[in-house]
Amino acid sequence: MENDMKLIVFRIKNERYGVDLQQVRSIERLQTITMVPQTPNFIKGVINLRGEITPIIDLNERLNRVKTSLTDETRILIIQIENVQVGLIVDAATDVLDIDPSQVEPVLSMIR
Amino acid sequence: MIGQKDVVLKSLGEYLGDVEFLSGATILGDGSVALIVDPNSLIN
């Protein structure tokens, strides 16, 4: 379908999420993170990503205030939006999905 | 002091912006990141 959107499906604990593939620059394995002081707890620090200093956010900690337990499946989604690049630690990055954007429903306003 | 080195100062990027006490960061020869401290902000 012409209008299809591709999503990277990733997991935080038992919940699966999608992110627009166009915003995902790469998916990396865990690497040594250099802590940066004076930043919120969910910011784990920075990494050297092919010469670029990239901040890393623990997404579970950011959303749910629960630290990600690191395993072999843990991945860092490198997200780029305009001139901002960040890495998001997730429990796994499992699939690429083609979806019809019209199937995406907005979050119910009563939840917001 | 354990040594002296000329390094390239890199910014911490758009997301982090200016972090207190730091001038930026650099990438060392072994690929690891070293944060550069700004002594001025530490003592003022």
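Chain A has 1 helix and 8 strands, and they come in the order β-β-β-β-β-α-β-β-β along the sequence. Keep in mind that this is a predicted model. Chain A has a partner, chain B, and 19 residues of chain A are in contact with 15 residues of chain B. Below is a quick tour of the two chains, the place where they touch, the largest pocket and the salt bridges.

**The two chains**

- Along the principal axes, the C-alpha atoms of chain A take up a box of roughly 45 × 35 × 30 Å.
- Chain B comes to 1 helix and 2 strands, and reading along its sequence gives β-β-α.
- For chain B, the matching box around the C-alpha atoms is roughly 30 × 25 × 15 Å.

**Where the chains touch**

- The size of an interface is often given as the accessible area that is lost when the parts come together.
- Here, the area buried between chain A and chain B is about 1,400 Å², and carbon and sulfur atoms give 73% of it.
- On the chain A side, the residues losing the most area to chain B are A:Q38, A:N48 and A:I53, which together make up 36% of what that side buries.
- Which strands of chain A each bring at least two residues to the side that touches chain B? They are β4 (43–49), β5 (52–58) and β7 (84–90).
- Sorted by class, that side of chain A has 12 nonpolar, 6 polar and 1 charged residues.
- As for specific pairings, the rule finds 0 salt bridges across the interface of chain A and chain B.
- Polar contacts do turn up there: 3 residue pairs, with both residues at pLDDT 80 or more.

**A closer look at A:Q38**

- You'll find A:Q38 in the loop between β3 (24–29) and β4 of chain A.
- Setting aside neighbours within four places in sequence, A:Q38 is in contact with B:V19, B:E20 and B:F21.
- A:Q38 is also one of the three chain A residues that lose the most area to chain B.
- To get a feel for distances inside chain A, take A:Q38 and A:T94: they are 56 residues apart along the chain, and their C-alpha atoms are separated by 33 Å.

**The largest pocket**

- How much space lies in the largest pocket? It comes to about 150 Å³.
- The lining of this pocket has 13 residues, and those nearest its centre are A:E52, A:I53, A:N83, B:G13 and B:E14.
- Both β5 and β7 of chain A supply at least two residues each to the lining.
- The top contributor is β5(A), which gives 4 residues to the lining.
- By class, the lining of the largest pocket splits into 5 nonpolar, 6 polar and 2 charged residues.
- One residue to remember is A:I53, which lies among those nearest the pocket centre and is also among the chain A residues that lose the most area to chain B.

**Salt bridges**

- Side chains of opposite charge can pair when their charged atoms come close.
- How many salt bridges are there over all chains? A search of the whole structure finds 5.
- One salt bridge joins the side chains of A:D98 and A:K6, at 2.8 Å from N to O.
- A:D98 sits in strand β8 (residues 92–99) and A:K6 in strand β1 (residues 5–12) of chain A, so this pair ties together parts that are 92 residues apart in sequence.

Note on methods:
Residues are numbered from 1 along each chain as its sequence is written. Chains are lettered from A and ligands numbered from 1 in the order in which they are written. This is a predicted model: local features need pLDDT of at least 70, side-chain atom pairs count only at pLDDT 80 or more; totals for chains, interfaces and linings use all residues. Side-chain values use heavy atoms; hydrogens and water are left out. Contact means heavy atoms within 4.5 Å. Buried area is the accessible area (1.4 Å probe) that two parts lose on being put together, summed over both. A salt bridge is a side-chain nitrogen of Lys or Arg within 4 Å of a carboxyl oxygen of Asp or Glu. A polar contact is a pair of N or O atoms within 3.5 Å; within protein, one must be able to donate a hydrogen and the other to accept it, and residues adjacent in sequence count only if both atoms are side-chain atoms. Ala, Val, Leu, Ile, Met, Phe, Trp, Tyr, Cys and Pro count as nonpolar, Asp, Glu, Lys and Arg as charged, and the others, Gly among them, as polar. On a 1 Å grid over the protein atoms alone, a cavity is a set of points where a 1.4 Å probe fits but cannot get out, and a pocket is an open set with protein on both sides within 12 Å along at least five of seven lines; lining residues have an atom within 4 Å of a point. Grid points are joined across faces, edges and corners, and a volume is the space filled by probe spheres set on the points.
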